[in-house]
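This report walks through the pockets, one sheet, a helix pair and two hairpins of a single protein chain. Please keep the structure open beside the text while reading.

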Amino acid sequence: MTAHNGQACRLEAELDWSGFLSRHDMTWTTRPMSWNEGAFIGNGLMGAMMFGEEHREKRNVLRFVLGRTDITAKRPSGYSPRVPIGEIDLECAGWIYQPTEIKVDLWNAEIKARVVTTKGEIGLRAFVHSEKAVLVIELEPSEGEREAKLQWYAEPEVSPVLKNADGFNLNQYIPEIRVTKYTKQEVNVGVQTYPLGDGCTTAWQERETSPGRRICYLTVQRGADEAVGDAAAALVRETAEASLEQEVEAHRSWWHAYYPQSFVSLPDTRLEGFYWIQMYKLASATRREHLIIDNQGPWMTPTPWPGVWFNMNVQMSYSPVYTSNRLELGESLIRGLDENFANLIDNVPEEYRSDSAGLGRSCSYDLSSKVSDETGNLLWICHNYWRQYRHSMDETMLREGLLPLLKRAVQYFVHILEEGEDGKLHLRPTVSPEYGSFLKMTVPDCHYDLALIRWGCETLLAIDERLQLVDPLAERWRYVLEHLTPFPMDENGLMLGKDAPIEFGHRHFSHLLAVFPLHLMTGDDPEERDLIRRSLRYWTGMEGDMRGFTFTGAASIAAAIGEGSEALQYIRAFMHLIKPNTMYREAGPVMESPLACAESIHDLLLQSWGDTIRVFPAVPDEWQDVSFHNLRAEGAFLLSAKREGGRTAFIRVKSLAGEPCRLKTGWSEAEERTIRAISAGEGKDIPLRAVGDGIIELQLRQGEEALLYAGEPPAEFRIAPVEAERSLCNYFGANKPWRLYGIPFSS
């Protein structure tokens, strides 16, 4: 069938996913020497970070530092924090030397290596099984390395040379740990017990499957009693006795189904590689059945933040799951909110618990964190819940999950709003997150909270209308919207709060929340657009306390008003702050900034908020060729689009829920008059209506798919990778800054 008669976008059957992702595999030609450049693997619950240490006594060691997100330690006061759980080390006979070759194979979610030493070499493969909490390490040593061994160390037994190599545990709670070891039916078991009775259990077994080939199976389980030890040993034994080929196939099949859920290809090869490593990182850090993404995922290292933070971190960690069409990963957050509903109620003062809920700044996975002067966090996380709903259009989720939680989050603000002499509703001084944190600064009529309460009331009214509830509280929500004091602003733009301009560096975009991610201010009006631009540039020009998420937030704000080239500059500034393996850390590791940057990339390509889907809304001027497939938009639409020579060649939209479809295509006014929509596969014309401002409306039934183009139809509706710049392939892993300057190299 010709393109003139319509045909579906071609990608899934044609794309060589293994070949495409291989150009972005993280690579090392010497062993990584710290967490910052370690090779990481994980299955959403359990993970390992592989790196070494340059100390003379440990030059023969390649560490697999273990982590499991649900292992926390009770303490006399405060929440139960994450704690380190030990490691398994490859201790070679000789010093690890060159030319060692290591890569993280993204397509198969495996570490593959040829470890060269002064006495021989070792072939290595390692992965954390997708469907069970088991780390598999396969070794094939040469004759000179036959004495190489894998040795497990409980946290107290890790050599101080290694334990402190990646930073001291200055602010981190590390309990006193009692270690016991035993063997159960040829499986080694190590139990680490913490002072208040909790702990973790590690079980492992090494088998020689053929002369010179050994495989180690290791699991870490939460708990320190005999039953946990029995279960851990049984899991290791069961996995070791199964066919390795079948276990590998089961592990890989999950990933091979995961990646093709959507596709993005950029003309910036380094940024394209970064993006796909974030997709790998997301699925390594959480799964629908596991826990909320905390500040570091399953890759434990010294940190002052061994928990879950809700004044930005969790919200931004989950931000890319929606547009990337990976909603199942977002379900871990939804389940965490639903299961801890009672604790969210207990977080507010007792007199408000009959109708309110809230969430403080930090906690463990139970979400038990009292609300004090940082009041908007639960409303912001409700925005993530709303995005999960809007991208799926699951009305059961809306009615039974989000609605009762959002009503309580809004009602808490109804209790604390006060009517002033001007007849407006005002807020007592609260915190604008991250501004003057050490001084515990508060400001009245804080933008952060005003934006969230306005979004919350507007959203509740939208839900009430959609579900035809006629909720008696709707009048209260309307009253709040009509009487809420406006956002404070001055000549430089939006302010922190009343009489509170930014006077020194502010790393957080908390004072710009109305623009991003809430999109209460859109910039559609020229005056508002100028206000947003002034606010953005004044904020980013106030040098000082700038962090990674400063630049990802700035990029998304710039993209929201169509400033794609400016957004790209913020993204490139951020790329100087990440670690060689794309991790990010300040005083300790924090997950959210690289993941938020993946969302910033989405914002260049596809935005959906309000009632409109925006295709290529902020493509940088230098990006002439871009393509994406099956990115997801609000209303449960899948979008594909291709840009060639700086012009959109075609757009494909598929409706998964039969919702009204409004598209801002980006085609010029002249091109807009020639837009044609045809049904994919049938070639029938689909009626469309231009409604002004470059927006068209389509009526698509559930499951119906349309192809749009302006002028002459393209030769084919085909999505393909943008040609890669060879010198920037496999950029991440080891530190390779020279590649930015185009120095020739051989792969």
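## Pockets, strands and helices

Of the elements that line the second largest pocket, β23 makes the largest contribution, with 3 residues. The model in view is a predicted one, and what follows should be read with that in mind. Besides β23, the elements α15, β22 and β26 (647-655) also supply at least two residues each to the lining of the second largest pocket. In total 35 residues line this pocket, and those that lie nearest its centre are Gly562, Phe616, Pro617, Lys664 and Gly666.

The largest pocket has a lining of 41 residues, with Trp386, Arg390, Trp609, Gly610 and Glu634 lying nearest its centre. Here the largest share of the lining comes from α12, which gives 7 residues. Several elements supply at least two residues each to this lining, among them the helices α10 (377-392), α12 (447-467), α15 (548-560) and α17 (592-605), and the strands β22 (606-609), β23 (612-615) and β27 (661-664). The table sets out the volume and the lining classes of each pocket.

| Pocket | Volume | Nonpolar lining | Polar lining | Charged lining |
|---|---|---|---|---|
| Largest pocket | about 910 Å³ | 18 residues | 11 residues | 12 residues |
| Second largest pocket | about 750 Å³ | 13 residues | 12 residues | 10 residues |

**The open sheet.** β26, named above for its part in the lining of the second largest pocket, is also a member of an open sheet of 6 strands, which follow the order β15-β24-β25-β26-β31-β28 with antiparallel pairing. Because β15 (263-265) and β28 (675-679) stand at the edges and have a single partner strand each, one side of each of these two strands is left without a neighbour in the sheet. From one strand to the next, the twist averages 20°. Within this sheet, β26 is paired with strand β31 (residues 705-710) in the antiparallel sense, over 4 bridges, and lysine 654 has glutamate 705 of β31 as its bridge partner. In general, the strands of a sheet are paired through backbone hydrogen bonds, in either a parallel or an antiparallel arrangement.

**A helix pair.** How do α16 and α17 pack, and at what angle? Helix α16 (residues 564-575) packs with α17 at an angle of about 160°, and the two axes are 11 Å apart. An angle over 145 degrees counts as roughly antiparallel, and α16 is therefore roughly antiparallel to α17. The crossing of these two helices, α16 and α17, is left-handed. α17 also appears among the elements that supply at least two residues of the lining of the largest pocket.

**Two hairpins that share a strand.** Strand β13 (residues 199-210) pairs with strand β12 (residues 187-193) in the antiparallel sense over 6 bridges, and alanine 203 in β13 is the bridge partner of valine 189. The hairpin of β12 and β13 has 5 residues between the strands, and glycine 197 in this hairpin takes a positive phi near 100°. β13 is also joined to strand β14 (residues 213-222), by 10 bridges and again with the strands running antiparallel; in this pairing threonine 202 stands opposite valine 220 in β14. The hairpin that β13 and β14 form has 2 residues between the strands, and glycine 212 in its turn has a positive phi of about 85°.

How values were computed:
Residues numbered from 1 in each chain as written. Predicted model: local features only at pLDDT ≥ 70, side-chain atom pairs only at ≥ 80, totals over all residues. Heavy atoms only, no water. 1 Å grid on protein atoms, 1.4 Å probe; cavity = no way out; pocket = protein on both sides within 12 Å on 5 of 7 lines; lining within 4 Å. Points joined across faces, edges and corners; volume = space filled by probe spheres on them. Nonpolar A, V, L, I, M, F, W, Y, C, P; charged D, E, K, R; others polar. Pairing = 2+ DSSP bridges. Axes fitted to C-alpha atoms, helices over the stretch in contact; angles between N-to-C directions. Parallel < 35°, antiparallel > 145°, perpendicular 65-115°, else oblique. Left-handed = near helix turned anticlockwise from the far one by under 90°.
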